[in-house]
Amino acid sequence: MILSKIFISIVDIHAKQKLLVDLQVNASYDVIIVGAGTAGCLAAYSAAKEGLGKIALVDRKTKGQIGSKICGDGIGIKHIEFLESLGYPLRENEVVRNVIQNAHIISPDSKTDFSIPIQGQLAIIDRHKFGQVLLNETINDQITLFDKSTLNSIEQKGNTVEAKFTTNKAEPLVLSAPLLIDGSGFNSKIREDFGIFDEYAKVKDDEQYYCYREICTLEGNVPEKYSDSAIFEFSYDITKGGYMWFFSRGGNEYNMGTGIPKTWIKNLSPKEIYQANMISRFQSSTVLNSGGGFVPTRHPIPTHVKDNIILTGDAGAIVNPLHGGGLGASLASGYIAGKIAAKVVPDQTVSEEGLWIYNQKILEKYCQRYSILDFYRILLQNIPDVELNHALAEGYLPMDKIFYAREYEQLMHLSRKLGQIWSQLPNQRFNLLPNYIEKVHQMTTKYPASPDGITNWQKEYSQIYSEFQSKIAIKK
Ligand SMILES: Cc1cc2nc3c(=O)[nH]c(=O)nc-3n(C[C@H](O)[C@H](O)[C@H](O)COP(=O)(O)OP(=O)(O)OC[C@H]3O[C@@H](n4cnc5c(N)ncnc54)[C@H](O)[C@@H]3O)c2cc1C
């Protein structure tokens, strides 16, 4: 009798413990992917394709909202083709709204127009449909979607990471896995808040643009140059080195907006800039959708991995620093991260060292080029309109070629050729550039082969940008 009572209470204790465990750790997975945007979906896709069987894909939005985002909606056709080759039926689902024939980069005084016949290389998409096709075609038996779940904290425990998410239920959702891929976008808490990545990974105020964007119809006589075009206008006077864009969505629909460095948002409103300098050009318009958002616009952060963690897409600030365009890079970085996950999880090599290969692949694909392009971004943020007008008119800042130098070698070749002209100029905004571009080129070619070398490397690397910036800054 006594024995059976003891037995029952032991069973009881076990049941209670199990209940407690169930509340605290809902489940363990091969990989947790935070964010079901473009980076997150592609990470889930490739991890599953390469063999991982238990993938948690978590997003704070409802399933139906995923993909809706304030965006310029411009993406290279080659990315659409890549996704279609993986089996995503994008054009079939009318994701592509328009295919752009011409790009224009226009000087502040409107006198120089670099016109680039891009002949269908840029698509303007329906962003929500795009996200929904990615999501719905990604989810399969290997992938569980947890929507309406916001990442709140993570804890590294031995060889696993435990992530807590706030949901609409009283208890948090708690997931654990050997690896977490962060695809949570620009506001990544993992990059900025949790003390896992250091100051070199933080995005400063002058390294991000705050944007206001409208999707609208334009009525009346719309000048010819706006139709089937993607237009960028740079100006210090108006956007403080940010930009204004006009993208045709086909017919009389447009995606238009402006971004300014965050350093200026106390004094300036992108919405007011938009109203005074953009929409006011047209006779009448109807707004279909509007809103604001931040984009990172900085040189690549020194490392995208820590023990058990990989940063992808905007969470890793992997964007073109000239304008913050990051759709292509988010897809590619997510895809690469998922592939790596499928190798390191079974091999149990999820340490920072084991994940270093991701840094090397991202460096080669994007970060070398973006490291150089960031000098052009710093230049644009620190050049008065009168100097920019002159440089564009004289042709020693060929923004068209800089924008479209797709390969790193191509960009270096162009920058060195321009460097020969710049080094002769008295204007230090230009004559200092060749030296700094060379310095960063040297740094990226000796990127550390393992985490051991990163402490010194990142110090030297970020010093190059702050030094250049301080030397050419416009005195306010
Ligand atoms: C105004 C504007 C215009 C732009 N125009 C262009 C353009 O024309 N072309 C281009 O290439 N790029 C453009 N971009 C950038 C582009 O939108 C991003 O680079 C791209 O969307 C990044 O994809 P991502 O998957 O990394 O992040 P996102 O698309 O931002 O996805 C992140 C996902 O994570 C979820 N999430 C966020 N936080 C949490 C959390 N704590 N817990 C759980 N889930 C979370 C979000 O709900 C979201 O679904 C623009 C951006 C802005 C703001």
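Here are three exercises on helix packing and empty space in this predicted model.

**Exercise 1. Two packed helices**

Task: Work out how H9 and H14 run relative to each other, and find which residues bring them together.

Solution:
- Let's start with the geometry. Two packed helices are described by the angle between their axes and the distance between the axes.
- Helix H9 covers residues 352-381 and helix H14 covers residues 433-445; their axes lie 11 Å apart and form an angle of about 160°.
- Angles over 145 degrees count as roughly antiparallel, so H9 is roughly antiparallel to H14.
- Next comes handedness: H9 and H14 make a right-handed crossing.
- Now look at the side of H9, where the contact residues include Leu363, Ser371, Ile372 and Phe375. Among their partners in H14 are Leu433, Tyr436, Ile437 and Val440.
- Sorted by class, the contact of H9 with H14 holds 9 nonpolar and 5 polar residues, with no charged ones.

**Exercise 2. A second pair**

Task: Describe the packing of H3 and H8 in the same steps.

Solution:
- Find helix H3 at residues 77-86 and helix H8 at residues 327-347. They pack at an angle of about 35°, and their axes are 10 Å apart.
- The crossing of H3 and H8 is left-handed.
- On the H3 side you will find His79, Phe82, Leu83 and Leu86, which meet Gly328, Leu331 and Tyr335 of H8.
- By class, this contact of H3 with H8 has 5 nonpolar and 2 polar residues, and no charged ones.

**Exercise 3. Empty space inside**

Task: Find how many cavities of 30 Å³ or more the structure has, and describe what lines them.

Solution:
- Rolling a probe the size of a water molecule over the atoms shows where empty space is left.
- Searching the whole structure this way gives 2 cavities of 30 Å³ or more.
- The largest cavity holds about 80 Å³ of space. Its lining includes Pro300, His304, Asn359, Trp457 and Tyr461.
- H9 gives the largest share of that lining, 4 residues. Leu363 and Ser371, which you met in the contact of H9 with H14, also line the largest cavity.
- The lining of the largest cavity has 8 nonpolar, 4 polar and no charged residues.
- The second largest cavity has a volume of about 40 Å³, and Phe197, Asp198, Tyr200 and Lys306 are among its lining residues.
- Here the classes are 4 nonpolar, 2 polar and 2 charged residues.
- As a last check, Pro302 appears in the lining of both the largest cavity and the second largest cavity.

Definitions and conventions. Residues are numbered from 1 along each chain as its sequence is written. This is a predicted model: local features need pLDDT of at least 70, side-chain atom pairs count only at pLDDT 80 or more; totals for chains, interfaces and linings use all residues. Side-chain values use heavy atoms; hydrogens and water are left out. Axes are lines fitted to C-alpha atoms, for helices over the stretch in contact, and angles run from 0 to 180 degrees between N-to-C directions. Angles under 35 degrees count as roughly parallel, over 145 as roughly antiparallel, 65 to 115 as roughly perpendicular and the rest as oblique. A crossing is left-handed if the near helix is turned anticlockwise from the far one by less than a right angle, and right-handed if clockwise. Contact means heavy atoms within 4.5 Å. Ala, Val, Leu, Ile, Met, Phe, Trp, Tyr, Cys and Pro count as nonpolar, Asp, Glu, Lys and Arg as charged, and the others, Gly among them, as polar. On a 1 Å grid over the protein atoms alone, a cavity is a set of points where a 1.4 Å probe fits but cannot get out, and a pocket is an open set with protein on both sides within 12 Å along at least five of seven lines; lining residues have an atom within 4 Å of a point. Grid points are joined across faces, edges and corners, and a volume is the space filled by probe spheres set on the points.
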